[in-house]
Amino acid sequence: MNIRPLADRVLVKPAAAEEKTLGGIIIPDSAKEKPLKGEVVAVGNGTKDEEMVVKVGDNVLYGKYAGTEIELDGESYLIMRQSDVLAII
C-alpha cells in the first residue's frame with residue numbers, strides 16, 4: 001500500500017458488517033449498521049505534543065461518525081485522528 005498518514009492520523013480497515021436475519025428476512029446492505037471496529041493498516045509519526053499509541057495491526061473501536069471514508073485499490077478505509085479511536089481491543 002502506498003499511503004502513509006501524516007501527523008496523528010491513522011488508516012483503519014473497517015470490519016465487515018455482520019449478516020443478520022430477522023425470522024427468515026434478510027436485511028439489505030443499505031439497512032445494516034456500519035461496524036464500529038476495524039484494524040489499523042497504517043499510522044502517522046505523531047506530533048510533538050502527542051505520541052502515537054496506536055500501532056499497525058491493532059484492532060480498534062472508533063466513534064460512529066469518526067474519520068473520512070476513502071477507497072484504495074477497491075477496498076474501503078477510514079482515515080481518522082488518533083483521538084477518534086476510542087479503544088484498542
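**Figure 1. R9 and its partner D8 in the predicted model.** R9 is partly exposed, with a relative accessible area of 29%. This close-up, like the others here, comes from a predicted model. The partner of R9 in a salt bridge is D8, and the closest N and O atoms of the two are 3.4 Å apart. While R9 is partly exposed, D8 counts as buried because its relative accessibility is 6%. Look for D8 in the segment before strand 1, a strand that spans residues 9-14.

**Figure 2. D8 also pairs with R81.** Here the view moves on to a second salt bridge of D8, in which the closest N and O atoms of D8 and R81 are 3.0 Å apart. D8 sits in the segment before strand 1 and R81 in strand 7 (residues 75-81), so this pair ties together parts that are 73 residues apart in sequence. R81 is partly exposed, at a relative accessible area of 37%. Leaving aside neighbours within four places in sequence, D8 is in contact with G46, T47, E50, M52, M80, R81 and Q82.

**Figure 3. E75 and K13 meet in a salt bridge.** The side chains of E75 and K13 come together with an N to O distance of 2.4 Å. E75 belongs to strand 7 and K13 to strand 1, so the pair ties together parts that are 62 residues apart in sequence. Both ends can be found at the partly exposed level: E75 has a relative accessible area of 35%, and K13 has a relative accessibility of 31%. Returning to the earlier views, salt bridges that share partners join D8, R9 and R81 into one network. The count for the model comes to 3 salt bridges.

**Figure 4. D58 is buried without a salt bridge.** Which side chain of opposite charge is nearest to D58? It is K55, 4.2 Å away, and D58 has no salt bridge although it is buried. A salt bridge needs the nitrogen and the carboxyl oxygen within 4 Å, so the 4.2 Å between D58 and K55 does not qualify. The side chain of D58 does reach the backbone nitrogen of K55, at 2.9 Å. You will find D58 in the loop between strand 4 (37-43) and strand 5 (59-62). Not counting residues up to four places away in sequence, D58 touches G38, E39, V40, V53 and I88.

**Figure 5. A nonpolar patch on the surface.** L61, L86 and I89 form this patch, and together they have about 310 Å² of accessible area. I89 lies in the segment after strand 8 (85-88). With 61% relative accessibility, I89 counts as exposed.

**Figure 6. Y65 in its loop.** Y65 lies in the loop between strand 5 and strand 6 (68-72). Is Y65 buried or exposed? Y65 counts as exposed because its relative accessibility is 75%. The C-alpha atoms of Y65 and D84 are separated by 9.2 Å, and the two residues are 19 residues apart along the chain.

**Figure 7. The whole protein, for orientation.** To place the close-ups, note that the protein has 8 strands and 0 helices. Of its 89 residues, 25% count as buried. The protein exposes about 6,400 Å², of which carbon and sulfur atoms supply 51%. Among contacts between residues at least 6 apart in sequence, 62% join residues at least 24 apart.

Conventions. Residues numbered from 1 in each chain as written. Predicted model: local features only at pLDDT ≥ 70, side-chain atom pairs only at ≥ 80, totals over all residues. Heavy atoms only, no water. Patch = residues over 30% accessible without salt bridge, like charges linked within 9 Å, V, L, I, M, F, W, Y side chains within 5 Å. Areas by Shrake-Rupley, 256 points an atom, 1.4 Å probe, with all protein chains shown as cover. Helix = DSSP H or I, 4+ residues; strand = E, 2+ residues; numbered from the N terminus. Buried < 20%, exposed > 50% of the residue type's maximum accessible area, 1.4 Å probe, protein only. Lys, Arg positive; Asp, Glu negative; His and termini not counted. Polar contact = N/O pair within 3.5 Å; in protein donor to acceptor, adjacent residues only side chain to side chain. Contact = heavy atoms within 4.5 Å.
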